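Hi,

Here is the structure I promised to pass on. Have a look at it, and then read on for what I found.

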Amino acid sequence: MTENMPQETKQEKKKVIFSAIQPSGTITLGNYIGALRNWVKLQDDYNCIFAVADLHAITVRQDPKIFKQNILNAYALLLACGIDTEKSPFFIQSHVHTHAELAWILNCYTQFGELSRMTQFKDKSQKHADNVNAGLFTYPSLMAADILLYQADLVPVGADQKQHLELARNIADRFNGIYGKTFTIPDGYISKVGSRIMSLQDPTKKMSKSDENVNAWVAVLDNPDTIMKKFKRAVTDSEAVVRVGEGKDGINNLIGIMSSVTGKTADEITVEFEGKGYGDFKQAVGEAVVEELRPIQERFNDYIKNKDYLEEQYRKGAEFALRISQRTLDKAMKKIGYVLK
Ligand code: TYM
């Protein structure tokens with residue numbers, strides 16, 4: 001039944017999932033645990049559609065050559081993580097023109113005040129004070145368009161995207177309130193464990209690829225030595241007991257990572273490391289992460305060499321995505337009163 005391209009009819013009853021990731025250079029362990037790993041697991045039970053969100057990435061300046069490579073790398077890396085294009089259409093956002101078009105429309109149904117309250121906008125405009133562009137400001141309307149175009153029921157993301165998702169719901173609700181039901185109101189799908197992987201150097205901040213301190217994050221493509229070094233340098237506390245606790249942000253984070261990667265509970269991890277020091281624990285977390293990422297890195301090295309295969313996959317994904325998203329765009333435009341051609 002499911003051997004070929006995803007077919008709209010036979011998957012009709014499953015709930016629709018949409019999610020995307022920006023191709024901004026380094027894809028981190030935070031992205032992997034908080035999002036990508038969950039996407040892979042959801043593919044059998046849901047009607048999933050995934051994208052590399054390259055339109056979003058130019059809200060900060062990109063070097064053209066590096067950007068192009070990063071887009072392909074992100075595509076190949078997600079395949080390597082286990083996105084299966086036989087089950088889940090997977091495309092590059094800029095290949096599907098409906099995203100930019102619906103984003104413009106939704107901009108006209110999004111309030112200045114709502115966008116001003118987005119914490120990511122506030123953070124990024126501080127960080128890039130010399131380039132606070134309109135795209136950075138209206139970024140959440142594009143994200144809403146991504147989601148609403150596919151009538152997504154669920155959006156698996158890390159905790160940092162929750163506010164954007166709530167805005168997408170509000171925009172959809174407002175539009176539906178004016179014109180009648182046009183968009184499905186999406187729910188977030190945020191897992192309990194690992195939805196907020198923290199910096200290894202300042203565990204009160206989320207792990208982010210834009211952190212200037214390279215020891216703060218682990219990249220999915222970091223080599224084993226680098227991964228081990230970064231875990232060995234991870235900030236902990238002075239208690240020297242491996243347990244979840246208040247004021248133990250560093251250890252809590254390492255337990256969270258260990259638990260996500262091995263499937264063991266925090267209590268099981270505490271028992272396993274009773275009487276052992278943080279040195280041993282950090283070594284073990286590093287090794288578990290290296291083992292988790294090893295097969296992904298191997299598959300990535302194969303995919304990235306095979307440009308023809310990548311092209312075949314992203315073209316197929318874009319064709320599917322355009323077909324589905326055009327229907328929603330037409331529906332929304334018709335309701336507004338546009339003359340459709
Ligand atoms: P992005 O590219 O920053 O991150 C991709 C996914 O990784 C999650 N994530 C984390 N999860 C746990 N711990 C962390 N430290 C961590 N860092 C990142 C993010 O929550 C996200 O799920 N705007 C989005 C991309 C996007 C999108 C969409 C997502 C564009 N259109 C539509 C969902 C639906 C972003 O910048 O994610």
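A polar contact here is a pair of N or O atoms within 3.5 Å; within protein, one must be able to donate a hydrogen and the other to accept it, and residues adjacent in sequence count only if both atoms are side-chain atoms. Asn-31 makes one with the ligand: a polar side-chain atom sits 3.0 Å from a ligand oxygen. Backbone atoms join in too, with a polar one of Gly-158 at 2.8 Å from an oxygen of the ligand and a polar one of Ile-197 at 2.7 Å from a ligand nitrogen. The protein covers 97% of the 710 Å² of accessible area (Shrake-Rupley, 1.4 Å probe) that the ligand has on its own.

A word on the source: this is a predicted model, where local features need pLDDT of at least 70, side-chain atom pairs count only at pLDDT 80 or more, and totals for chains, interfaces and linings use all residues. Numbering runs from 1 along each chain as its sequence is written, and side-chain values use heavy atoms, without hydrogens and water.

There are 26 residues around the ligand (a heavy atom within 4 Å), and Gly-158 and Ile-197 are among those that come nearest.

Now for Lys-230, which is in helix H9 (residues 224-232; a DSSP run of H or I, at least four residues). Lys-230 is buried (under 20% relative accessible area, 1.4 Å probe, protein chains only), at 5%. Its side chain reaches the backbone oxygen of Trp-217 at 3.0 Å.

Cheers

How values were computed:
Helix = DSSP H or I, 4+ residues; strand = E, 2+ residues; numbered from the N terminus. Buried < 20%, exposed > 50% of the residue type's maximum accessible area, 1.4 Å probe, protein only.
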